[in-house]
Amino acid sequence: MIERIGNLNAVLMKRSRTRSVYFVEEAGGRTAVLKVYDSGAEAVHECEALDACSGDPHVVRLLDFFQTQGKWCLLTEYVQGDTLEALVAKSGPLPPYKVIDLAVDVLEGVGSVHKNRYIHADVHDRNIIVS
């Protein structure tokens, strides 16, 4: 089901206790991810963290931040690929060289977040996209 959020057509991907996550298609046909938060504080915190890490290839890129219909919205790039969880479920255990490559990439991304004085408190296999 397509919902209209701001000027975007959105398809619900998942809902949690504090936010909903949608796929959206921007003008020009580019797919993006829209997070709609109930709490302005949580949305602002994530926006500031992503903005601080802009330019790091291991951290998703922030495209826009806005408020509409009484909700806080954070628009990020869509990274195509499987989650680490899905990849392991599909292919089985990864070879050691692939594990090392992925670990380096994840640590570089988390390092960028920490260097900017933020903490990524939700690093797990469902939040790691292998592209």
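**View 1. Meet Tyr78, a partly exposed residue.** Tyr78 has a relative accessible area of 32% and is partly exposed, a label for values between buried (under 20%) and exposed (over 50%), found with a 1.4 Å probe on protein chains only. This is a predicted model, where local features need pLDDT of at least 70 and side-chain atom pairs pLDDT 80 or more, while totals for chains, interfaces and linings use all residues. Residues are numbered from 1 along each chain as its sequence is written, and side-chain values use heavy atoms, leaving out hydrogens and water.

**View 2. Two aromatic pairs.** The whole structure holds 2 aromatic pairs; rings of Phe, Tyr and Trp (its six-membered ring) pair if their centres lie within 6.5 Å, and count as stacked with planes under 30 degrees apart, edge-to-face over 60 and tilted for the rest. Phe23 and Tyr78 meet edge-to-face, 5.5 Å centre to centre with 80° between the planes. Since Phe23 sits in strand 3 and Tyr78 in the loop between strand 6 and strand 7, the pair ties together parts 55 residues apart in sequence; strands are DSSP runs (E, at least two residues) and helices are too (H or I, at least four), numbered from the N terminus. Phe65 and Trp72 are stacked, 5.9 Å centre to centre with 25° between the planes. Phe65 is partly exposed at 26% relative accessibility, and Trp72 is partly exposed at 25%.

**View 3. Who supplies the lining?** Which helix gives the largest share of the lining of the largest pocket? Helix 3 does, with 7 residues. A pocket is an open set of points on a 1 Å grid over the protein atoms alone, where a 1.4 Å probe fits, with protein on both sides within 12 Å along at least five of seven lines; lining residues have an atom within 4 Å of a point.
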